[in-house]
Amino acid sequence: MVADGMGAHAVGELASKLACDTHPPQLHEGEISTPSEAIAKAYKEVGNLIHGKATANRDFQGMGTTLLDPHPAA
């Protein structure tokens, strides 16, 4: 997993950590019919989590991250 945080050092680091800590387990939870659906669901959930943190705390505004999973679910 590769994540590069954005939005100043501390909040970018938090965003990339949230993505890496949250993304892998989401790929294996629930009943998803295809790997691409599982990946899309996981990315959406990670995005919602980061967006929620950014909107709930003024200090986290503008935080985000890139996310690359070099070994996506088969």
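## Reading a predicted β-α-α-β model

Mentor: We can open with one pair: K41 forms a salt bridge with E45, and their closest N and O atoms are 3.4 Å apart. Keep in mind that this is a predicted model.

Trainee: Where do K41 and E45 lie?

Mentor: Both K41 and E45 are in helix α2, 4 residues apart, about one turn of the helix. The general idea is that an α-helix has 3.6 residues a turn, so residues three or four places apart point the same way. Side chains of opposite charge can then pair when their charged atoms come close.

Trainee: How many salt bridges does the structure hold?

Mentor: The structure holds 2 salt bridges. Besides the K41 pair, D21 forms a salt bridge with K17, with the closest N and O atoms 2.5 Å apart. D21 and K17 both belong to helix α1 and are likewise separated by 4 residues, about one turn of the helix.

Trainee: What is the relative accessible area of K41, and what is that of E45?

Mentor: K41 has a relative accessible area of 32% and is partly exposed. E45 is also partly exposed, at 27%. In the α1 pair, D21 is partly exposed with 46%, and K17 is partly exposed with 48%.

Trainee: Let us step back to the fold. Which order do the elements follow from the N terminus on?

Mentor: The elements run β-α-α-β, giving 2 helices and 2 strands. Of the contacts with a separation of 6 or more, 66% are between residues 24 or more positions apart.

Trainee: How do I check the length of a helix such as α2?

Mentor: Take a rise of 1.5 Å a residue and compare the expected span with the distance between the end C-alpha atoms. The 22 residues of α2 should span 32 Å, and its end C-alpha atoms are 32 Å apart, so the two agree.

Trainee: Which residues of α2 are buried?

Mentor: In α2 the buried residues are A38, A42, V46, I50 and A54. Seen down the axis of α2, they fall within an arc of 140°, so they line one face of the helix. On the other side of α2, the exposed residues are S36, K44, H51, T55 and A56.

Trainee: Which residues make up the largest nonpolar core?

Mentor: The general idea first: in soluble globular proteins, nonpolar side chains tend to be buried together. Here the largest nonpolar core has 9 residues: V11, A15, L18, A19, V46, I50, A54, M63 and L67. Helices α1 (9-26) and α2 (35-56) each supply at least two residues of this core. The most come from α1, which gives 4 residues.

Trainee: What does A54 touch, not counting residues up to four places away in sequence?

Mentor: A54 touches F60, Q61 and M63 on that count. M63 is, like A54, one of the residues of the largest nonpolar core.

Trainee: Now a polar residue of α1. Is S16 buried or exposed?

Mentor: S16 lies in helix α1. At 14% relative accessibility, S16 counts as buried, because buried means under 20% relative accessible area. Leaving aside neighbours within four places in sequence, S16 is in contact with A3, D4, G5 and T65. S16 and V2 are 14 residues apart in sequence, and their C-alpha atoms are 8.4 Å apart in space.

Trainee: What share of the residues is buried in the protein as a whole?

Mentor: Buried residues make up 27% of the 74 residues. The protein exposes about 4800 Å², and carbon and sulfur atoms supply 56% of that area.

Trainee: And backbone angles: which phi does A8 have?

Mentor: A8 has a positive phi of about 75°, although A8 is not a glycine. Its place is in the loop between β1 (2-6) and α1. A8 is exposed, with a relative accessible area of 63%.

Trainee: To sum up the two helical pairs: K41 and E45 are both in α2, whereas D21 and K17 are both in α1.

Mentor: Yes, and the buried residues of α2 line one face of that helix.

Technical notes
Residues are numbered from 1 along each chain as its sequence is written. This is a predicted model: local features need pLDDT of at least 70, side-chain atom pairs count only at pLDDT 80 or more; totals for chains, interfaces and linings use all residues. Side-chain values use heavy atoms; hydrogens and water are left out. A nonpolar core is a set of buried Ala, Val, Leu, Ile, Met, Phe, Trp, Tyr and Cys residues joined through side-chain atoms within 4.5 Å. Buried means under 20% relative accessible area, exposed over 50%, partly exposed in between (1.4 Å probe, protein chains only). Contact means heavy atoms within 4.5 Å. Accessible areas come from the Shrake-Rupley method with a 1.4 Å probe; for residues, only the protein chains shown count as cover. The expected span of a helix is 1.5 Å times one less than its number of residues. The arc is that of the directions from the helix axis to the C-beta atoms. A salt bridge is a side-chain nitrogen of Lys or Arg within 4 Å of a carboxyl oxygen of Asp or Glu.
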